[in-house]
Amino acid sequence: MAGLFQVLWGAPGGKFKEASVLKGTDQEPLIIPGGQGEKTCTRPTAVDWNGDGKLDLIVGNYNGTFFLFTGEGNGKFEPKAEPLMAGASPLRINGGHGDPVVVDWDGDGDLDILSGSGEGGGVYWAENTAGAGKPPALKQFTTLIKPGPAFQFGQLLKESDLNGPAGNTRIWVDDVNGDGKLDILVGDRVTLVSMAKGISKKEYSEKVAQWKSGFDAAVKATNEARNDEERDAAQKKLNALPGRADFMKEESTGYVWLYKRK
């Protein structure tokens, strides 16, 4: 079931027990409330968010919203998650895939939240304006690192063309170089694209245009389908598209980028 949190309890000798589902004090699995988007791609971070000396869970999800499971100590948590708010609105990362890193980014004594993002990429900061020892008061996310360029379908792309993170960014914050300042590590996902062997540049451009035209038409037909018969016909159009490997080589990969703080 998507959305469950797993924990590996520590064991003597630096070992761990088998993963088990993390439960609330009601002995039911911890699950974020809301729709399917909140219940998938869950990303937990353990931190003392409310300053009571007990570890809480700040969790992100596919939709880009964030929730708090309040800790009760000894690895136990309140069963019901509360949405994190920025003023009167839910805290949300544009592009989805909220992946919270909780840290005092601006050095004012309270905990802020940083996150990567989904399709758009980039790195974002939700400032806590409360001050040390006060209940958190978050602002909406602002951009720390701008999203990378948007790559078009079929655009030829090699490793040497990249000069920063692409989309689907995941981050970590730490003093990597030991200068007393917090740096940001950014992981991404990108697809390197080259022409298939034996394909000329002219042939490649033509085949990319033909494939995209067919794909767009099939998607349009799917979206406009009014009954099962029309949906089946649209699916047949998708299935009839030629394999991209006939003209294109795609390598899905990712990189880790380091941003040193000045």
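Guide: Two strands count as paired if DSSP finds at least two bridges between them. Strands are DSSP runs of E with at least two residues, helices are runs of H or I with at least four, and both are numbered from the N terminus.

Visitor: What makes E15 and E16 a pair?

Guide: Three bridges join strand E15 to strand E16, residues 142-145. Three meets the requirement of at least two, so the two strands are paired. They run antiparallel, and Tyr 124 has Thr 143 as its bridge partner in E16.

Visitor: How do you know that E14 is paired with E15?

Guide: DSSP gives three bridges between E14, residues 112-115, and E15, so the condition is met here too. E14 and E15 run antiparallel, with Ile 113 opposite Ala 126.

Visitor: What kind of model is this, and which pLDDT values apply?

Guide: The model is predicted: local features need pLDDT of at least 70, side-chain atom pairs count only at pLDDT 80 or more, and totals for chains, interfaces and linings use all residues. Residues are numbered from 1 along each chain as its sequence is written, and side-chain values use heavy atoms, with hydrogens and water left out.

Visitor: How many helices and strands are there?

Guide: The protein has three helices and 20 strands. Its C-alpha atoms fill a box of roughly 65 × 50 × 45 Å along the principal axes.

Visitor: Why are E5 and E10 called edge strands?

Guide: Four strands form an open, antiparallel sheet in the order E5-E6-E7-E10. Strand E5 (43-47) and strand E10 (82-83) each pair on one side only.

Visitor: What joins E7 to E10, and what joins E6 to E7?

Guide: Two bridges join E7, residues 66-69, to E10. Two is just what "at least two" asks for, so this counts as a pair. In it, Leu 68 stands opposite Glu 82. E6 and E7 are joined by four bridges and run antiparallel, with Gly 60 opposite Phe 66. The hairpin of E6 and E7 has five residues between the strands, and Gly 64 in it takes a positive phi near 90°.

Visitor: Why is Asn 61 called buried?

Guide: Buried means under 20% relative accessible area, exposed over 50%, and partly exposed in between (1.4 Å probe, protein chains only). Asn 61 has 0% relative accessibility, so it is buried. Its place is in the loop between strand E6 (56-60) and E7.

Visitor: What is Asn 61 in contact with?

Guide: A contact needs heavy atoms within 4.5 Å. Leaving aside neighbours within four places in sequence, the contacts of Asn 61 include Ile 32, Cys 41, Phe 66, Phe 67 and His 97.

Visitor: What makes the approach of Asn 61 to Thr 65 a polar contact?

Guide: A polar contact is a pair of N or O atoms within 3.5 Å; within protein, one must be able to donate a hydrogen and the other to accept it, and residues adjacent in sequence count only if both atoms are side-chain atoms. The side chains of Asn 61 and Thr 65 are joined at 3.1 Å, so the distance lies inside the limit. The side chain of Asn 61 also reaches the backbone nitrogen of Asn 63 at 2.9 Å.

Visitor: Why is Gln 27 called exposed, and Cys 41 partly exposed?

Guide: Gln 27 has a relative accessible area of 54%, so it is exposed. Cys 41 is at 37%, so it counts as partly exposed. Gln 27 lies in the loop between strand E4 (20-21) and helix H1 (36-39), and Cys 41 lies in the loop between H1 and E5. Neither is a glycine, yet phi is positive: about 70° for Gln 27 and near 55° for Cys 41.

Visitor: Which residues of E7 and E15 are buried, and where do they point?

Guide: In E7, Phe 66 and Leu 68 point one way and Phe 67 and Phe 69 the other, and all are buried. In E15 (residues 123-126), Val 123 and Trp 125 point one way and Tyr 124 and Ala 126 the other, again all buried.

Visitor: How many residues of the protein count as buried, in percent?

Guide: Of the 262 residues, 37% count as buried. Among contacts with a separation of 6 or more, 51% come from residues 24 or more positions apart.
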